[in-house]
Amino acid sequence: MERKQASDFDQELLNLFDQYVHGQVDRRGFLERAAKFAVGGVTAMMLLDALSPKFAEAQQVPKDDKRLKTSTLEYDSPKGTGKMKGYFARPAAAKGKLPGVLVVHENRGLNPYIEDVARRLGTANFMAFAPDGLTSVGGFPGDDEKGAALFGKVDRAKMLEDFVAAANWLKSRPDSTGRLGAVGFCFGGGIANMLAVRVPDLAAAVPFYGGPPPAADIPKIKAAVLVHHGELDTRLAETWPAYDAALRAANVPHEGYIYPKANHGFHNDTTPRYDEAAAKLAALIADVLIFLLLQT
């Protein structure tokens, strides 16, 4: 089946896939419920394949791009799961210190899409680091479905500590200016919000369709916060008005955008939920904010 766009699918099916991605229905449940959309020789399994990530087709910055230096690095997370790994990207020709951006993955682990996002930031003259929250269970297994299964085995509180440790590690590197931003997607969006709470000198937090932090913690935020949601992702988009009001009450500099007719995962260009117009606009706004805030 050729690669499709969100408009090629019934919204009910896209919502069902969202439930599958977030563990609200299992594979068997998805296939059983998707069967009613399987017409004209298309099977439920074919629909699942069409909705699933196509990493190679969506890659924007090649792994061997000569503009970048990339590597897998380790860091310590004593309050989390111990020794952690992540994907590091920085401009090959950069001289001197650079601001850092922590990139936080979805509930699948450090897959090729997130590595590509890190490389995109590297080409924008940032040093980007994308930790793999699945390090303690062997790392991203090369398959999103298997990654989701492993994700469920990691202690969530310890995983948060792993990302806090990664932020502090990146900020304190000798080649860092000490200026730090964080961007995250889905689960990672929620982590970006929590990093704004937990890392006092974080300059910018850019959560894409992530859950807000506990209301009691919002006054602790010192970073500028830039929130992105898809209109059709009602479960999370509906959290924005209350988060907006709490940020305003706490005098936190912030902006929020809800993109019309966009689904959850609209930035992820490996699946049909990708909305090119919304993703490019959101990325442009995020890049400008991060650039302005991370300059020394």
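This report describes the sheet, the helices that pack on it, the nonpolar cores and two unusual backbone angles in a predicted model.

## The sheet and its edges

Eight strands make up an open sheet of mixed pairing, and their order across it is E1-E2-E4-E3-E5-E6-E7-E8. The two edge positions are taken by strand E1 (68–77) and strand E8 (254–259), each of which has a single partner strand, so one side of each is left without a neighbour in the sheet. Between neighbouring strands the average turn is 20 degrees, with direction ignored.

Strands of a sheet pair through backbone hydrogen bonds, in either the parallel or the antiparallel sense. Both senses are found here: E1 and E2 run antiparallel and are joined by ten bridges, whereas strand E5 (residues 176–185) and strand E6 (residues 204–208) pair in the parallel sense over five bridges. Within the E5 and E6 pairing, phenylalanine 185 has phenylalanine 208 in E6 as its bridge partner.

## Strand E2 and phenylalanine 88

E1 and E2 form a hairpin in which four residues lie between the two strands, and aspartate 76 stands opposite lysine 83 in E2. The pairing of E2 with strand E4 (residues 127–131) is antiparallel and extends over four bridges, and tyrosine 87 has alanine 130 in E4 as its bridge partner. E2 is mostly covered, since seven of its ten residues are buried.

Phenylalanine 88 is located in strand E2 (residues 82–91). Is this phenylalanine 88 buried or exposed? Its relative accessible area is 4%, and because buried means under 20%, phenylalanine 88 counts as buried. When residues up to four places away in sequence are not counted, phenylalanine 88 touches Lys69, Thr70, Ser71, Leu73, Met127, Ala128, Phe129, Leu170, Arg173 and Asp175. Phenylalanine 88 is also separated from valine 103 by 15 residues in sequence and by 9.9 Å in space, taken from C-alpha to C-alpha.

## Helices on the sheet and against each other

H8 lies across four strands, namely strand E3 (98–104), E5, E6 and strand E7 (224–230), and runs at about 140 degrees to E5. Helix H10 (residues 240–249) lies across E7 and E8, and its direction is at about 170 degrees to that of E8.

Helix H7 (residues 156–171) and helix H8 (residues 187–198) pack with their axes 10 Å apart and at an angle of about 65 degrees, in a crossing that is right-handed. From H7, the residues Arg156, Met159, Leu160, Glu161, Phe163, Val164 and Ala167 take part, and they meet Phe187, Ile191, Met194, Leu195 and Arg198 of H8. This contact consists of nine nonpolar residues and three charged ones, with no polar residue among them.

Helix H2 (residues 27–34) has Gly29, Phe30, Leu31 and Ala34 as buried residues. The cover over the buried residues of H2 includes helix H1 (11–21) and helix H3 (44–51).

## Nonpolar cores

The largest nonpolar core has 41 residues, and the members that touch the most other members are Leu102, Leu195, Leu202 and Ile221. H7 gives the most to this core, with nine residues. Apart from this core lies another of 30 residues, which includes Val117, Leu121, Val183 and Ala262.

Leu195, one of these four residues of the largest core, also belongs to the H8 side of the contact with H7. For isoleucine 221, once its neighbours within four places in sequence are left aside, the contacts are with Ala196, Val197, Pro213, Tyr243, Leu247 and Val252.

## Two positive phi values

Most residues other than glycine have a negative phi. Which value does phi take in tyrosine 209? Although tyrosine 209 is not a glycine, its phi is positive, near 40 degrees. Tyrosine 209 is found in the loop between E6 and E7, and with a relative accessibility of 0% tyrosine 209 counts as buried.

Asparagine 251 likewise has a positive phi, of about 60 degrees, without being a glycine. Its place is in the loop between H10 and E8. At a relative accessibility of 68%, and because exposed means over 50%, asparagine 251 counts as exposed. The two loop residues therefore fall on opposite sides of the classification, tyrosine 209 being buried and asparagine 251 being exposed.

Methods: Residues numbered from 1 in each chain as written. Predicted model: local features only at pLDDT ≥ 70, side-chain atom pairs only at ≥ 80, totals over all residues. Heavy atoms only, no water. Axes fitted to C-alpha atoms, helices over the stretch in contact; angles between N-to-C directions. Left-handed = near helix turned anticlockwise from the far one by under 90°. Contact = heavy atoms within 4.5 Å. Nonpolar A, V, L, I, M, F, W, Y, C, P; charged D, E, K, R; others polar. Buried < 20%, exposed > 50% of the residue type's maximum accessible area, 1.4 Å probe, protein only. Core = buried A, V, L, I, M, F, W, Y, C linked by side-chain atoms within 4.5 Å. Pairing = 2+ DSSP bridges.
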